[in-house]
Each structure stands twice: as C-alpha cells, then as structure tokens.
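Please open the model in your viewer, with the sequence panel alongside, and follow the stops below in order. Each stop suggests a selection and then says what is to be found there.

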Amino acid sequence: MIAMDELEALSKRPRLYERKGNNLWDDEHISQKMLEAHLDPDWEAASRCHRFMDQSAAWLGQLFSTHGCRELLDLGCGPGLYSERLTRLGFQVTGLDISRRSIAYAREQAQQKRLAIEYHCCDYLNIDERERFDAAVLIYCDFGALTRAEAERLVQGVYGALRPGGLWVLDVFRPAHRSPDENGRKSWGVEREGFWNAGPHLFVSETFYYPEAEAYLDQTFVLQADGCWKAYRIWETVFAAEILEAVFAEAGFSILGCYGDVAGGEAADDGTTLALVLQKPGRT
C-alpha cells in the first residue's frame, strides 16, 4: 500500500527536469500501447499521421539528395516508419531507439520487407560515432523532451557523428503549442484497462509549468488494485526560434533553413512547430 510520506512527496512540485519515475519505454503494457499509437495511420500521438510522414520523407529525400547525402541516422526511430520510407528512397539508414518493443518490431518489418536497415536498441544520448553519417533526423519534437544537460550531450554527439558538411534536421514545439494556464491542471480516472495499466487502476495526472525554462511537466501517478503505484514523468520544453538558433550556433552548426514543419512548410510567427536544417561546417 502507498504510505503517507509517499503521498506527501507526490503532492510536491518536482524540481525542474527532475527525472525520478518509472520508465515508459520498456513498460510491458505501455510500450505496447505506444507501438499501437505509432502504427495508427491517423492518430498523431506517438508519431505524425502517416500521410504527413509520406510528404515529410519526400521532402527530406529531396533535401538530402541535393546535398549529396547517402548514409542517414534516424534518432528515436521508433518502429522504423521514417527509416523505411527513407530507405525506399535509396538512402542507407541506421535507426536508434530506446524502446526494445519498437526496435523488435522495426527489425521484423525490415526483414519481412527485405529492407537493409541497421537498427540498434540504445539511448541516442550515448552516440559514439565519428564522422560516419551524411545526415541525421530527430523527428516529432523529441528534442524538447530532454533536459538542458541531455540536449547539450545530444548536440555534441550528433556533431561528432556527422561527416564534415553533414546535415541535421529536427523539429521542436514553439510556445504557441502550449499555455502557461495549464499549470496546476489535474485529471483523474478509474479504469479496468487503459493506456497506463493492463488491469484495474486509478490514475491522477497533473501538469506543471516552469517559466524559467519554458518547460512543462506532465506527471501521472497510477495506483493498481494491489496497492502498488507507479509514477511517469514526461518533460516538454517549447522553444522560441532565436533561442534555439543560438543553441546550435554555439555548438558549431550553421543554420541552412527554418521551416514550419519537417515537410518544408512555411514557418509562421504563430506556428506551433519549428523545423531546422542544420549543417556541420566543412563541405560546400
């Protein structure tokens, strides 16, 4: 059963970017629900809708071909939806993802479809490649789920993994995506089976806003019928364009273009997403 001191701890506002909590990606039940969300062609939950991905892959393929890119790194590849599309366009793709279930599915699909994609189940923060790839992608705003230290680590890792002149395409959420009014918002429910648990459970969700970092924490506690409980924390930072550009410029990347999304859409001041095309110096 949950103890009183645990209840008191749960009621407190977490520190900015505090990482305590259970792992979403390898939870047996939640990882299956997330895979189902990835594979739903019309549901923009774990992935963009599949029609948008088709448009996005076509735009990325043209961009990479124009710059002579052949070997691509798909960061946070999930079940391989972008990796497969880019491979069919003629690129050699390596996909990284922390979810064992997603990588297992991606490998199975690649084998069945006879696609030569290299998949690795690992944390992409631990990239240890040196000038192996011509381009990298990080799609569906994963960058905003990282702490500041993690983001710096990823930027350095990608920079090292790219060959001179290599490209990095990523997207982020902008401030218009969320509202500070969400701070303190709570919801709860009792379900026999749902996203958070395979059996009967109570879930309580709360959102916290951290203005000093333009960050949001979506926190959910799940109490199972046997009295055991789990906590899940999902961080989401939103970025103003000028701040984001400064982060990458400081790391050594130049910015080739800013777009509204990773299909080459036009950037708008009131847009909810921003996509950047970055380049490592060294090749014209």
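Select R114 to begin, in the loop between α5 and β3 (118–121), where helices (H or I, at least four residues) and strands (E, at least two) are DSSP runs numbered from the N terminus. This is a predicted model, in which local features need pLDDT of at least 70 and side-chain atom pairs count only at pLDDT 80 or more, while totals for chains, interfaces and linings use all residues. Residues are numbered from 1 along each chain as its sequence is written, and side-chain values use heavy atoms, with hydrogens and water left out.

R114 has a phi near 60°, a positive value in a residue other than glycine. Most residues other than glycine have a negative phi. At 79% relative accessibility R114 counts as exposed; by relative accessible area, buried means under 20%, exposed over 50%, and partly exposed in between (1.4 Å probe, protein chains only).

Move next to C141, in the loop between β4 (133–138) and α6, where phi is near 65° and again positive in a residue other than glycine. Is C141 buried or exposed? With a relative accessible area of 6%, C141 is buried.

Now return to helix α5 (residues 100–113) and pick E108, which at 41% relative accessibility counts as partly exposed. From E108, draw a distance to P79: these residues are 29 apart along the chain, and their C-alpha atoms are separated by 9.6 Å. K113 is also in helix α5 and is partly exposed, with a relative accessible area of 35%. Not counting residues up to four places away in sequence, K113 touches E84 and R88, contact meaning heavy atoms within 4.5 Å. By contrast with those contacts, K113 and D74 are 18 Å apart in space, C-alpha to C-alpha, and 39 residues apart in sequence.

Keep α5 displayed and add helix α2 (residues 28–39). Two packed helices are described by the angle between their axes and the distance between the axes. The axes of α2 and α5 lie 9 Å apart, at an angle of about 45°; axes are lines fitted to C-alpha atoms, for helices over the stretch in contact, and angles run from 0 to 180 degrees between N-to-C directions. The two helices α2 and α5 are therefore oblique to each other, given that angles under 35 degrees count as roughly parallel, over 145 as roughly antiparallel, 65 to 115 as roughly perpendicular and the rest as oblique. To see the contact, show E28, S31, Q32, L35, H38 and L39 in α2, which meet R101, S102 and Y105 in α5. These contact residues divide into three nonpolar, four polar and two charged (Ala, Val, Leu, Ile, Met, Phe, Trp, Tyr, Cys and Pro count as nonpolar, Asp, Glu, Lys and Arg as charged, and the others, Gly among them, as polar).

For a second helix pair, select α3 (residues 50–66) and α4 (residues 81–88), whose axes come within 10 Å and cross at roughly 45°. That crossing angle makes α3 oblique to α4. On the α3 side the contact is made by H50, F52, M53, D54, S56, A57, L60 and G61, and on the α4 side by L81, Y82, R85 and L86. Here the residues divide into seven nonpolar, three polar and two charged.

The next selection is F203, in strand β7 (residues 201–210), a buried residue with a relative accessible area of 15%. Leaving aside neighbours within four places in sequence, F203 is in contact with S187, W188, G189, E191, W196, T220, F221 and V222. Then choose K230, in strand β9 (residues 229–237), which at 28% relative accessibility counts as partly exposed. With residues up to four places away in sequence not counted, K230 touches N22, D27, T220, F221, V222 and Q224.

The last stop is helix α7 (residues 241–251), where the buried residues are A241, L244 and F248. Seen down the axis of α7, these residues fall within an arc of 75°, so they line one face of the helix; the arc is that of the directions from the helix axis to the C-beta atoms. On the other side of α7, E242, I243 and E250 are exposed. What covers the buried residues of α7 includes α6 (148–161), β5 (162–173) and β11 (273–279). Finally, select G252, just after α7, which takes a positive phi of about 110°.
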